[in-house]
Amino acid sequence: MHTGLRITAFAAALAATFGTAYGVGRGVDPIVAESGPAPHDEHGEPAARQQEGEGHAGHDGSPAGGLEISANGYTLDLATPRVQAGRRAELRFTVRDSNGEAVTAYQREHDKELHLVLASRDLVTYRHLHPTRAADGTWSTPVDLPAAGGYRVFADFTPAGKGAENLTLGADLAVSGRYAPAPLPAPGGTVRTDGYEVELAGTLRTGRASELKLKVSRAGESVNDLQPYLGAYGHLVALRSGDLAHLHVHPNGEPGDGTTRPGPEISFTATAPGDGTYRLFLDFRHRGEVHTAAFTVRAGSAPGAERAEGHGH
């Protein structure tokens with residue numbers, strides 16, 4: 001959201017920042033911020049502000065993103081707490097202030113006032129949505145979720161007003177139907193999605209910075225003409241398995257600012273705040289279409305335990 005990396009963090013054991021940086025001459029369309037500003041689709045902000053407003057979980061007790069329904073005087077009021085699997089429905093919600101009034105003014109960041117992420121508890125189903133807001137502050141968006149079970153809704157926004165901080169609030173969504181939980185996809189180095197191949201290389205370490213690189217190709221050829229999507233060449237949402245702690249980050253530099261080129265590879269400098277398994281969802285745009293590549297990433301502090309690998313579906 002702002003010119004700079006934004007990480008929204010809210011819940012006791014995890015707070016983080018993904019400092020993102022493109023490789024020289026390259027670029028693409030979810031932990032402690034590294035040096036340099038990093039834009040965030042609509043969620044990026046300078047590392048200094050993150051540290052002032054959020055801190056680092058595990059170090060100063062700041063909670064991690066999306067695990068609270070209320071924070072800083074704002075509450076996510078989900079008017080549609082349940083939908084049915086396989087049926088199109090209208091998801092409606094309101095953000096309320098400390099007086100219970102609907103919030104109707106937001107800071108517009110990376111083309112949008114609010115970003116909405118939906119994810120199943122098993123981290124198999126994922127949606128990055130951009131709902132519309134009515135004059136009375138009610139947000140709505142159509143959804144069609146394929147499988148029954150528990151889901152989490154994440155609203156990422158910054159209220160209007162001087163000094164307002166970015167928030168990610170979360171609420172549970174029940175999807176009715178016959179429930180068959182899926183296992184978390186196993187790690188692997190390559191994802192294939194919609195005819196594209198995305199390779200993930202690097203290690204994710206706990207407590208220290210490391211580099212993760214993603215390379216996009218199609219039909220065996222590197223993709224060198226990725227297109228901007230919501231103000232950036234790439235958007236990454238990270239959800240931690242178990243509690244679904246939420247991180248939403250974006251690459252360093254914006255299209256046209258001279259710092260990046262839309263090449264096939266993007267580099268993320270990241271520090272995991274704690275051991276665990278994360279699911280990464282990378283959105284990129286090519287030939288007018290948005291595609292998502294999902295990876296399972298393990299972060300560990302023991303020597304030789306850290307791995308950052310991907311798995312296609």
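Reader: What makes strand β11 (residues 167-176) largely enclosed by the rest of the structure?

Author: Happy to explain! In this predicted model, a residue is called buried when its relative accessible area is under 20%. In strand β11, 7 of the 10 residues are buried, so the strand is largely enclosed by the rest of the structure.

Reader: How do you know that strand β10 (residues 149-157) and β11 pair?

Author: Two strands pair if at least two bridges are found between them. Strands β10 and β11 have 9 bridges, in the antiparallel sense, so they meet that definition. One of the contacts to look for has Arg152 with Asp172 of β11 as its bridge partner.

Reader: Why is strand β4 (residues 82-84) also said to pair with β11?

Author: The cut-off is at least two bridges, and β4 and β11 have 3 bridges, here in the parallel sense, so they count as a pair. You can find Arg82 with Ala174 of β11 as its bridge partner.

Reader: What makes β2 and β8 the edge strands of the open sheet β2-β3-β5-β9-β8?

Author: That sheet has 5 strands with antiparallel pairing. Strands β2 (70-71) and β8 (132-133) are its edges, as each pairs on one side only.

Reader: How do you know that β2 and strand β3 (residues 74-78) pair?

Author: They pair in the antiparallel sense over 2 bridges. The definition asks for at least two, so they qualify. In this pairing, Ala71 stands opposite Tyr74 in β3.

Reader: How many helices and strands does the protein chain hold, and what share of its residues is buried?

Author: The chain has 1 helix and 22 strands, and buried residues make up 52% of its 313 residues.

Methods. Residues are numbered from 1 along each chain as its sequence is written. This is a predicted model: local features need pLDDT of at least 70, side-chain atom pairs count only at pLDDT 80 or more; totals for chains, interfaces and linings use all residues. Side-chain values use heavy atoms; hydrogens and water are left out. Buried means under 20% relative accessible area, exposed over 50%, partly exposed in between (1.4 Å probe, protein chains only). Helices (H or I, at least four residues) and strands (E, at least two) are DSSP runs, numbered from the N terminus.
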